[in-house]
Amino acid sequence: MVLIKTEEEIELIRHSSLLVGKTLAEVASHLVPGVTTLALDKIAEEFIRDNQGIPGFKGYNGFPASLCISVNDEVVHGIPGKRQLRDGDIVSVDCGVKKNGYFGDSAYTFAIGVVDENVLLLLERTRNSLYRAIETAIAGKRVGDIGYAVQSYVEGFGYSVVRDLVGHGLGKNLHEKPEVPNYGRRGQGKELLEGMVIAIEPMINLGVKNVTQDKDGWTIRTADKMPSAHFEHDVVIRKGYAEILSTFDFIEEVLSKNK
Ligand code: MG
Ligand code: MG
C-alpha cells in the first residue's frame, strides 16, 4: 500500500531530511585525503544525536553504521571502516535520520582532491539525472516516467543504470512502497499521487550495469570495477511539481569554501 502523507507528516519528514543535509555537510567539511571512513561515520553519528535525531541506518537489517560510505567502484551500502580516503577517490555518502518518528534519507557523491575528468563528468551528470527525474515526479505521472528520465539521460553518455537497487517511498519507515527504479518506460508503473513522499536515488555506473555484493553482506560494487555515482533527494509529489524536502545547499556551501 502506498501511503499518502498529511501536511503535518510532510513537515516532519522535511525536518528529518534537512538534518540529513546538515549531517552530510558536516561530513563534507572533514573530507580530506587520509581521513578514515569510520572517522566520518563517528562525526555523522555524533552530529545526528546532538540534533536529537537517531541514525536511521544503524541497526537497519543489522547494518552496523550511521552512514553508507561507498568509494570508487563501490555503488552503495559500503560499511565505514579503516579505509583512508585518497586523492583522486570519489565517495558516495548516504545518510538516514529518524526524528519525531519520521525518516529522511539523502546521498551525495564527493570528489576527493584531483579526480579524473571523466569521473567528474559522471558525478555531474548523475546529479543532473536526479534533478531531471524530480521534474517528472508530479501528480498524475507514473513511476516509469521517473526511471525513464534518468535512464534516457545517462545512457546518452554511454553510462549504465544500476537495476538491482531502487529508490523508494519513505515516512515512518525508511523504505516504503512504491519502489522507484532508475530505469523504465514513460507512462508505465504506479501512478504518482499528491502527498506521496519518495526518495529518488540514481546509481549510475561509468561501465557496465552489473553489480556484485561483497562477502561482508552489504557492499555493492560494479562488476567491472569501474566507478559509480549516487545522489539522492526526498521529494513530495504535488500537483504540477515535486517539492524537494532534502537539500544539497549546506553541502555545496562547504564545498564552495574548500575551493
Ligand atoms: Mg539513502
Ligand atoms: Mg534511499
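Trainee: Which residues are linked with Arg14 in a network of salt bridges?

Mentor: A salt bridge here is a side-chain nitrogen of Lys or Arg within 4 Å of a carboxyl oxygen of Asp or Glu. By that rule Arg14 shares a network with Glu7, Glu11, Arg238 and Glu243. This is a predicted model, in which local features need pLDDT of at least 70, side-chain atom pairs count only at pLDDT 80 or more, and totals for chains, interfaces and linings use all residues. Residues are numbered from 1 along each chain as its sequence is written, chains are lettered from A and ligands numbered from 1 in the order in which they are written, and side-chain values use heavy atoms, with hydrogens and water left out.

Trainee: How many salt bridges does the structure hold?

Mentor: There are 14. One of them joins glutamate 45 to lysine 58, at 2.7 Å from N to O. Helices (H or I, at least four residues) and strands (E, at least two) are DSSP runs, numbered from the N terminus. Glutamate 45 lies in helix H2 and lysine 58 in the loop between strand S1 (54-55) and strand S2 (67-71), so the bridge ties together parts 13 residues apart in sequence.

Trainee: Is glutamate 45 buried or exposed?

Mentor: Buried means under 20% relative accessible area, exposed over 50%, and partly exposed in between (1.4 Å probe, protein chains only). Glutamate 45, at 15% relative accessibility, counts as buried. Lysine 58, at 37%, counts as partly exposed.

Trainee: Which residue forms a salt bridge with aspartate 73?

Mentor: Arginine 221 does, with the closest N and O atoms 3.0 Å apart. Aspartate 73 sits in the loop between S2 and strand S3 (74-76), and arginine 221 in strand S12 (residues 220-222), so far along the chain that 148 residues separate the two. Both aspartate 73 and arginine 221 are buried. Arginine 221 also forms a salt bridge with glutamate 74, where the closest N and O atoms are 3.5 Å apart. That pair links strand S12 to strand S3, 147 residues apart. Glutamate 74 is buried, as is arginine 221.

Trainee: At what angle do H1 and H2 pack?

Mentor: Axes are lines fitted to C-alpha atoms, for helices over the stretch in contact, and angles run from 0 to 180 degrees between N-to-C directions. Helix H1 (residues 7-28) and helix H2 (residues 37-50) pack at about 140°, their axes 9 Å apart. Contact means heavy atoms within 4.5 Å. On the H1 side the contact uses Leu19, Lys22, Thr23, Glu26 and Val27; on the H2 side, Leu40, Ile43, Ala44, Phe47 and Ile48.

Trainee: What are H3 and H4 to each other, roughly parallel or roughly antiparallel?

Mentor: Angles under 35 degrees count as roughly parallel, over 145 as roughly antiparallel, 65 to 115 as roughly perpendicular and the rest as oblique. The axes of helix H3 (residues 117-136) and helix H4 (residues 143-155) come within 8 Å and cross at roughly 150°. That makes H3 roughly antiparallel to H4. Among the residues in contact are Arg125 and Arg132 of H3 and Asp145 and Tyr153 of H4.

Trainee: What is the angle between H1 and H5?

Mentor: The axes of H1 and helix H5 (residues 249-258) cross at roughly 20° and come within 7 Å. H1 is therefore roughly parallel to H5. Residues of H1 including Leu18, Gly21 and Leu24 meet residues of H5 including Phe250, Ile251 and Val254.
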